[in-house]
Every structure is written in C-alpha cells, then in structure tokens.
Amino acid sequence: MTASRLIIMGPQGAGKGTQAALLASRLDVPAISTGDIFRAHIGGGTELGKLAQSYTARGELVPDEVTNRMVRDRLSQPDVSGGFILDGYPRNAAQVQELDGILSDLGVSLDAVVELVADRAELLARLRQRAVVEGREDDTEEAIARRLDIYAEQTAPLTGAYEARGLLRQVDGIGDIADIADTIAAALDVR
Ligand code: ADP
C-alpha cells in the first residue's frame, strides 16, 4: 500500500507540524495545516482571518461551519488529487463526519491516521519554549492550557473511531525528530 491520504493527529506541541512536513516531502503530497491556513488569513487581514482570530487567540476552536468549508475548498484543489496529509483537522466528532462526506464526494478514502503520543508535562515544556522562540499570539499560558484541554476532551477520543476502522497508527512523539519520522514511515510502510 502506498499511504497517501493521511491524517496526522496529536496534542499541541507533539510535533505534528514538523512531522507532517517531513512526511509530505517523503510522499510528495501537500501537507495541509488548518492552523497555518488560519494564520495566513489572519496575517493577510481577510474577513475569514478576522473571524478566525477572535477564536484562535483564545485557544478556542473556530466554528465548524467556517472550518469545514475551508477544508472542503482546500481538498478540492488539483494539487491534492494524488494525496495529502491533514494536520489539525478533524478536531471534533462533527469534523470527522464532515471529512468522511468530503472524501466520499471526491471519491477517495483515507489510508491511515497517525497519532503522535506525548504526555502533558513534556507538551507544556515544549509549548513554553515555542512561545519564547516563535511568539505566536495563541501561545499564552491560558490559550495553551485551553488547547490541551480541548484536545483531551474532543480530539483524542476521535482516535477510537479511526482505530475501529483499522486506520490508526500510534507513534511515540518524544525523541529525535529524524527517528520519529522514520518510525512514522515504517508504521505506514513508506520507504
Ligand atoms: P495547535 O496545534 O498548536 O493548537 P494549530 O496551528 O493546529 O495549533 O491551530 C491553531 C488554532 O487554529 C486552533 O487553536 C484553533 O483556534 C484553530 N483551528 C485549527 N484547526 C482547527 C479545526 N480543525 N477546527 C477549529 N479550529 C481550528
């Protein structure tokens, strides 16, 4: 199997964005990060950006209706026809359903869901470090804690649905970046 339609899941600070980019270049498919798309809109001062910012700055989820439409548009672009890695979506049960609908409308299906696993203490340490280095608006103590809570309450339980479909691959998110990338590739049978 060449896994090319993938989701990468994991709590904030687990290294999703980094691993999504590495895997995307290995597979030669686009990495699609909903957080990056929102940040691009916020930076560009678009209407969507203004709306999104009122949620992202607090660590709350942007409303599904907005996020779902954005993901549907993105997954309908021609560069996604050979595959994709979704980072940051789906984040709740309604988004899982929406993604199923989008993919079925496109006539494709998921190959696998990678979950990066890391404990909260390690995640908090990494996020505090990132706050110093990157200065992201949503890396305040309150917003970080809120995002980790939302992940634990709404997003982590979604892995059960993907496990039931036989799609879930859990990988330890602690360790050397290149080693983790190799572990993910091995879990997906990618060389
Ligand atoms: P992190 O993984 O550190 O939370 P992201 O870059 O993935 O950062 O997301 C940043 C913010 O963008 C989230 O806190 C949320 O406000 C918004 N966002 C991203 N993806 C989604 C989504 N699938 N549904 C709703 N909001 C989202």
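**Ligand site and local backbone features**

Asp28 is located in the loop that links helix H1 (16-27) to strand S2 (31-33). In this predicted model, the backbone of Asp28 adopts a positive phi of about 60 degrees, although the residue is not a glycine. Asp28 has a relative accessibility of 69% and therefore counts as exposed, the cut-off for that class being over 50%. A second case is provided by Asp189, for which phi is near 60 degrees, again a positive value in a residue other than glycine. Asp189 belongs to the segment that follows helix H9 (177-187). With a relative accessible area of 52%, Asp189 is likewise classed as exposed.

A further backbone feature concerns the peptide bond from Tyr89 to Pro90, which is cis, with omega near 0 degrees. Pro90 is placed in the loop between strand S3 (84-87) and H5.

The ligand was examined next. The ligand sits in the largest pocket of the model, where 19 residues surround it. The closest of these residues are Thr34, Arg39, Glu60, Gly88 and Arg147. When the shell is divided by class, 8 residues are charged, 7 are polar and 4 are nonpolar. Helix H2 (residues 34-44) supplies the largest share of the shell, with 4 residues.

Several side chains approach polar atoms of the ligand. In the side chain of Thr34, an N or O atom is found 2.7 Å from a nitrogen atom of the ligand. Oxygen atoms of the ligand are approached by two arginines: a polar side-chain atom of Arg130 lies at a distance of 3.1 Å from one ligand oxygen atom, and for Arg136 the distance from a polar side-chain atom to an oxygen atom of the ligand is also 3.1 Å. Taken alone, the ligand exposes 540 Å², of which the protein buries 97%.

Three helical residues were then considered. Gly49 has its place in helix H3 (residues 47-56). The relative accessibility of Gly49 is 2%, so this residue counts as buried, the limit for that class being under 20%. Between Gly49 and Phe38, the C-alpha to C-alpha distance is 6.2 Å, while the two residues are 11 positions apart in sequence.

Gln95 is part of helix H5 (residues 93-106). Gln95 is buried because its relative accessible area is 2%, which falls under the 20% limit. The side chain of Gln95 is joined to that of Asp64 by a polar contact of 2.9 Å.

Thr67 is situated in helix H4 (residues 64-75). At a relative accessibility of 5%, Thr67 is also classed as buried. A separation of 23 Å was computed between the C-alpha atoms of Thr67 and Leu167, which are 100 residues apart along the chain.

In summary, the positive phi values described here belong to Asp28 and Asp189, which are exposed at 69% and 52% relative accessibility, respectively. By contrast, the helical residues Gly49, Gln95 and Thr67 are buried. The ligand, for its part, occupies the largest pocket, with 97% of its 540 Å² buried by the protein.

How values were computed. Residues numbered from 1 in each chain as written. Predicted model: local features only at pLDDT ≥ 70, side-chain atom pairs only at ≥ 80, totals over all residues. Heavy atoms only, no water. Near = heavy atom within 4 Å. Polar contact = N/O pair within 3.5 Å; in protein donor to acceptor, adjacent residues only side chain to side chain. Areas by Shrake-Rupley, 256 points an atom, 1.4 Å probe, with all protein chains shown as cover. 1 Å grid on protein atoms, 1.4 Å probe; cavity = no way out; pocket = protein on both sides within 12 Å on 5 of 7 lines; lining within 4 Å. Sits in = over half its atoms within 2 Å of the grid points. Helix = DSSP H or I, 4+ residues; strand = E, 2+ residues; numbered from the N terminus. Nonpolar A, V, L, I, M, F, W, Y, C, P; charged D, E, K, R; others polar. Buried < 20%, exposed > 50% of the residue type's maximum accessible area, 1.4 Å probe, protein only.
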